[in-house]
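Here is a small set of exercises to work through with the model open beside you. Try each task before reading its solution.

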Amino acid sequence: MSFRNRLALFLVATLAIVQLLTAVVAYTYLRQSLIERGKLELAQESRVFARQLAMASQSVASDVQVLSLDYALRQAIAERDRDTEVSALRNHGNRVGATRMVLVGLDGTVDSDTGDARRHGELFSHRDLIDAAAASDDSAAIVVEHGHIFWIVVVPVRAPVPIAFIAAFIPVDDALLKRLLQVSDGPRSIALADRKSTRLNSSHITI
């Protein structure tokens, strides 16, 4: 092979190597930039979602507190009339969008549960929310139970001191996301997903 051919081959190989290295460096840089940007956007969206949820939480807490002031409910608690308790809880739960309403005694045990009457006497599984509600008149948290996501709002029943607590279980689904739309200050996109067996079920709405 002549010197000219060897030189041309060397230049072509050098150019190919430079292009390959440039592509690798550019890919690594762009990939890292996209990852960092995604982390930043996710953190920002999480803060926005948390603020919206806090605002909606106050609204729901106020609605549940209306039930806590109901004379018939307080009388039913005093008389241990569980049929009246369940009826009042179920009716008010329908108004606030809760699929389950639980009346918890001061000892932390379930007094009435619209989701399952057999839970009567069991320890309420979210005692920390009861303690928080006792200290600040309401508390809320997102929890997962039996494969479903719930937003739980807890308020005390006072007469005038606390005699029980009401826990409203609101499913985190399209209905809740639409409620957050009402307190959103701009277009956002939220997707919630939960895995059941081999299928992925999701709820999505732009808010």
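**Exercise 1.** Find which residue of E4 stands opposite Glu 145, then describe how E3 and E4 are joined.

*Solution.*
Step 1. Glu 145 stands opposite His 148 in E4. Strands here are DSSP runs of E with at least two residues, helices are DSSP runs of H or I with at least four residues, and both are numbered from the N terminus.
Step 2. E3 and E4 make a hairpin with two residues between them. In that turn, His 146 has a positive phi of about 55°.
Step 3. The two strands run antiparallel, with seven bridges joining them. Two strands pair if DSSP finds at least two bridges between them.

A word on the source: this is a predicted model, in which local features need pLDDT of at least 70, side-chain atom pairs count only at pLDDT 80 or more, and totals for chains, interfaces and linings use all residues. Residues are numbered from 1 along each chain as its sequence is written, and side-chain values use heavy atoms, with hydrogens and water left out.

**Exercise 2.** Follow the chain from E4 into E5 and locate bridge partners along the pair.

*Solution.*
Step 1. A hairpin of three residues leads from E4 to E5.
Step 2. Nine bridges hold this antiparallel pair.
Step 3. Val 157 has Ala 164 as its bridge partner in E5, Pro 156 has Phe 165, and Val 153 stands opposite Ala 168.
Step 4. Now check burial, where buried means under 20% relative accessible area, exposed means over 50%, and partly exposed lies in between (1.4 Å probe, protein chains only). In E4, eight of the 11 residues are buried. E5 has eight of its 10 residues buried, so the rest of the structure largely encloses E5.

**Exercise 3.** Put the strands of the open sheet in order and name its edges.

*Solution.*
Step 1. E1 also pairs with E5: five bridges join these antiparallel strands, and Val 102 stands opposite Ala 167 in E5.
Step 2. The open sheet of five strands has the order E2-E1-E5-E4-E3, with antiparallel pairing.
Step 3. Its edge strands are E2 (110–113) and E3, each of which pairs on one side only.
Step 4. On average, neighbouring strands are turned by 25° against each other, direction ignored. For such angles, axes are lines fitted to C-alpha atoms, for helices over the stretch in contact, and angles run from 0 to 180 degrees between N-to-C directions.

**Exercise 4.** Which residues of H4 are buried, and what do they pack against?

*Solution.*
Step 1. In H4 (residues 127–136), the buried residues are Leu 129, Ile 130 and Ala 133.
Step 2. Looking down the axis of H4, these residues fall within an arc of 105°, so they line one face of the helix. The arc is that of the directions from the helix axis to the C-beta atoms.
Step 3. Asp 128 and Ala 135, on the other side of H4, are exposed.
Step 4. The buried residues pack against E1 (100–104), E3 (139–145), E4 (148–158) and E5 (162–171). Contact means heavy atoms within 4.5 Å.
Step 5. H4 lies across these strands and runs at about 40° to E4. Just after H4, Asp 137 takes a positive phi of about 75°.

**Exercise 5.** Describe how H2 meets H3.

*Solution.*
Step 1. Two packed helices are described by the angle between their axes and the distance between the axes.
Step 2. The axes of H2 (residues 71–79) and H3 (residues 82–96) come within 8 Å and cross at roughly 145°.
Step 3. From H2, the contact uses Ala 72, Leu 73, Ala 76 and Ile 77, while H3 supplies Thr 84, Glu 85 and Ala 88.
Step 4. By class, that contact has five nonpolar, one polar and one charged residues. Ala, Val, Leu, Ile, Met, Phe, Trp, Tyr, Cys and Pro count as nonpolar, Asp, Glu, Lys and Arg as charged, and the others, Gly among them, as polar.
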